[in-house]
Amino acid sequence: MHIDNEIKLDFKDVLIRPKRSTLSSRSSVDLVRPFKFLHSKTEYAGIPIIAANMDTTGTFSMAEALGKHQLSVALHKHYDAKDYVEFFSKLTNKSTAFYSLGIGSADMKKFEEVMKAAPDAIKYVCIDVANGYTETFVSFVSSFRKSFPNMVIMAGNVVTGDMTEELLLAGADIVKVGIGPGSVCTTRKMTGVGYPQLSATIECADAAHGLGGLICADGGCTRPGDIAKAFGAGADFVMLGGMFAGHDESGGEVLEKDGKKYRAFYGMSSKSAMDKYAGGVAHYRAAEGKTVLLEDRGPVEGTIQDILGGVRSACTYVGARRLKELTKRTTFVRVTQQLNEVFGKS
């Protein structure tokens with residue numbers, strides 16, 4: 001047993017300190033980032049915000065809506081191969097949609113089927129497991145890289161620098177960072193395992209950038225200011241679940257209650273998800289996600305504007321003309337209170 005006495009921080013524990021700025025307008029901020037990857041030859045240019053690969057956010061409809069603004073989607077892995085082929089076949093080479101898969105044989109078989117039918121369409125892959133610390137996972141990433149040398153591989157999830165480095169050396173271009181911070185994730189409650197997301201982002205970004213790799217901060221953002229903090233902490237990409245849930249493009253079951261429309265949103269390790277896709281919760285495990293009902297939020301367009309406007313505004317407060325400069329211009333101050341909620345939460 002070992003105790004690490006160093007304080008670890010979450011988004012709620014800090015604010016970004018403003019700095020002198022020469023920017024006169026939010027419209028002067030460029031949020032598009034170009035990336036060259038550690039292993040893949042693909043070159044990326046876009047706003048590095050990704051809708052999570054959950055079946056109520058990572059949908060084809062969400063990909064089309066976010067793509068208009070140069071944002072990305074990690075598609076959930078429960079579409080049929082035929083649906084993936086149809087979707088990827090009609091995309092241009094500029095698409096940054098991620099195909100998601102686990103490390104099981106059925107996932108790999110479906111991916112190979114899609115690749116055979118649409119060999120040049122998929123350029124980005126998200127290899128996603130809850131626990132990225134297993135040797136089996138690292139071996140799968142290494143094997144996948146050998147089979148698909150030019151594919152952009154995002155792999156995770158982990159929360160420490162050592163495993164970030166190991167996954168990059170195994171073949172990942174982007175390491176997905178986050179264990180337990182999601183709004184419908186109960187891993188921390190059920191297992192006691194996790195890591196505060198701001199500190200995880202800072203530490204994993206430092207490890208990744210030392211090797212020429214990238215990270216994606218996955219989970220924990222509940223408002224646009226949190227996204228700015230994630231980028232300020234060194235994240236190259238930020239993945240969002242709950243912030244993109246509950247919209248027309250999110251899909252999911254629609255319920256009516258007291259004259260209002262609601263949409264179900266649940267973690268992919270929840271009982272709801274496992275009942276839907278795995279015939280229930282296996283006898284050797286427990287569910288590590290919950291199900292909530294979100295009041296219908298309509299088209300995602302308004303949320304996109306809030307997110308991009310908030311991040312642009314953060315950049316103007318610290319004098320970052322480009323998103324790339326935000327982390328260099330960020331100084332975090334620890335706080336005991338984020339918001340004045342005298343009139344309630346908003």
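**Notebook: contacts, fold and one hairpin**

I began with contacts in the protein chain between residues at least 6 apart in sequence, and found that 67% of them join residues at least 24 apart. I noted that this is a predicted model.

Next I looked up the secondary structure. The protein chain has 11 helices and 15 strands. I then checked the radius of gyration, which is 19 Å. The globule rule gives 20 Å for 346 residues, so the chain is as compact as a globular protein of that length. I also took the span of the C-alpha trace along its principal axes: about 55 × 55 × 50 Å.

Then I turned to burial and surface. How much of the protein chain is buried? Buried residues make up 50% of the 346 residues. The exposed area of the chain is about 17000 Å². Carbon and sulfur atoms supply 49% of that area.

I looked at charges too. I found 42 positive and 39 negative charges in the protein chain. Their mean positions lie 5 Å apart.

Last, I picked out one pair of strands. Strand β2 covers residues 33-36, and strand β3 covers residues 43-46. How do β2 and β3 run, parallel or antiparallel? They run antiparallel, and four bridges join them. I traced one bridge from K36, and its partner in β3 is E43. β2 and β3 form a hairpin, with six residues between them.

I stayed with β3 to compare its faces. Y44 and G46 are on the covered face. E43 and A45 are on the uncovered one. So noted for E43: this residue of the uncovered face is also the bridge partner of K36.

Note on methods. Residues numbered from 1 in each chain as written. Predicted model: local features only at pLDDT ≥ 70, side-chain atom pairs only at ≥ 80, totals over all residues. Heavy atoms only, no water. Helix = DSSP H or I, 4+ residues; strand = E, 2+ residues; numbered from the N terminus. Rg over C-alpha atoms; globule rule 2.2 N^0.38 Å. Buried < 20%, exposed > 50% of the residue type's maximum accessible area, 1.4 Å probe, protein only. Contact = heavy atoms within 4.5 Å. Areas by Shrake-Rupley, 256 points an atom, 1.4 Å probe, with all protein chains shown as cover. Lys, Arg positive; Asp, Glu negative; His and termini not counted. Charge placed at Lys NZ, Arg CZ, Asp CG, Glu CD. Pairing = 2+ DSSP bridges.
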